[in-house]
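Here are my comments on the model you sent over. Have it open next to you while you read.

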Amino acid sequence: MAKLDILVAGDPVLRKVCEPVTRIDKKLQRLLKDMAETMYAAEGVGLAAPQIGVSKRIVVIDVGDDMGLLELINPEITKREGKVVGAEGCLSVPDFEGEVERAETVECEFTDRTGQRMVLNASGLLAVCVQHELDHLDGILFVDKAQSLSRKEKETPKDAVRKGRKK
Ligand code: ZN
């Protein structure tokens, strides 16, 4: 098991457009496992590969619903519907939170760890999380889109997860 360091805003890797994954192999599966362990250790609900310094189109998400852990390789949003504004935070921007407008529901195509192309239909926190994490793959941080930003009050990581703020 390996818990990796999470990069914070200011690191150039977070601003790069990530490369697609071309090989599904043992190395990738180990990376997926490390990313999930890093996300859980940080008590986040999502983590994108660039946040741990890997410029590849890979995301892990677990918003604590029935879906459990989602591993999205080369994900693409293929449909967006509705609009919703909500508070967001980011493991790579630890001191701030902000109000961000997102689509209410999204359809997302991705490759799973066996190499199969899949479709995910997401709403609520999961939809917001998918959009937030996919932005990371294009070098975009939530602070770029936030309508307002505020310095976070001191709260425990558990509080933040409960409020769905850490992605
Ligand atoms: Zn983030």
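The points below cover a sheet, the helix against it, and two backbone spots to look at.

1. First, a reminder that this is a predicted model, so please read every value here as computed from it.

2. The sheet I looked at is open and has three strands in the order E4-E5-E8, with antiparallel pairing. Strand E4 (84-90) and strand E8 (148-151) sit at the edges, each pairing on one side only. Ignoring direction, neighbouring strands are turned by 20° against each other on average.

3. Zooming in on one pairing: strand E5 (residues 93-102) and E8 run antiparallel and are joined by four bridges. If you want a residue pair to click on, Glu97 has Ser150 in E8 as its bridge partner.

4. What packs on this sheet? Helix H2 (residues 124-137) does, touching E4 and E5. The direction of H2 makes about 55° with that of E4.

5. Now the backbone. Glu43 is not a glycine, yet has a positive phi of about 55°. You'll find Glu43 in the loop between helix H1 (26-41) and strand E1 (46-48). With a relative accessible area of 25%, Glu43 counts as partly exposed.

6. Asn74 is another residue other than glycine with a positive phi, near 45°. Where is Asn74 placed? Asn74 lies in strand E3 (residues 70-81). Buried or exposed? Asn74 has a relative accessible area of 17%, and the cut-off for buried is under 20%, so Asn74 is buried.

Terms used: Residues numbered from 1 in each chain as written. Predicted model: local features only at pLDDT ≥ 70, side-chain atom pairs only at ≥ 80, totals over all residues. Heavy atoms only, no water. Helix = DSSP H or I, 4+ residues; strand = E, 2+ residues; numbered from the N terminus. Buried < 20%, exposed > 50% of the residue type's maximum accessible area, 1.4 Å probe, protein only. Pairing = 2+ DSSP bridges. Axes fitted to C-alpha atoms, helices over the stretch in contact; angles between N-to-C directions. Contact = heavy atoms within 4.5 Å.
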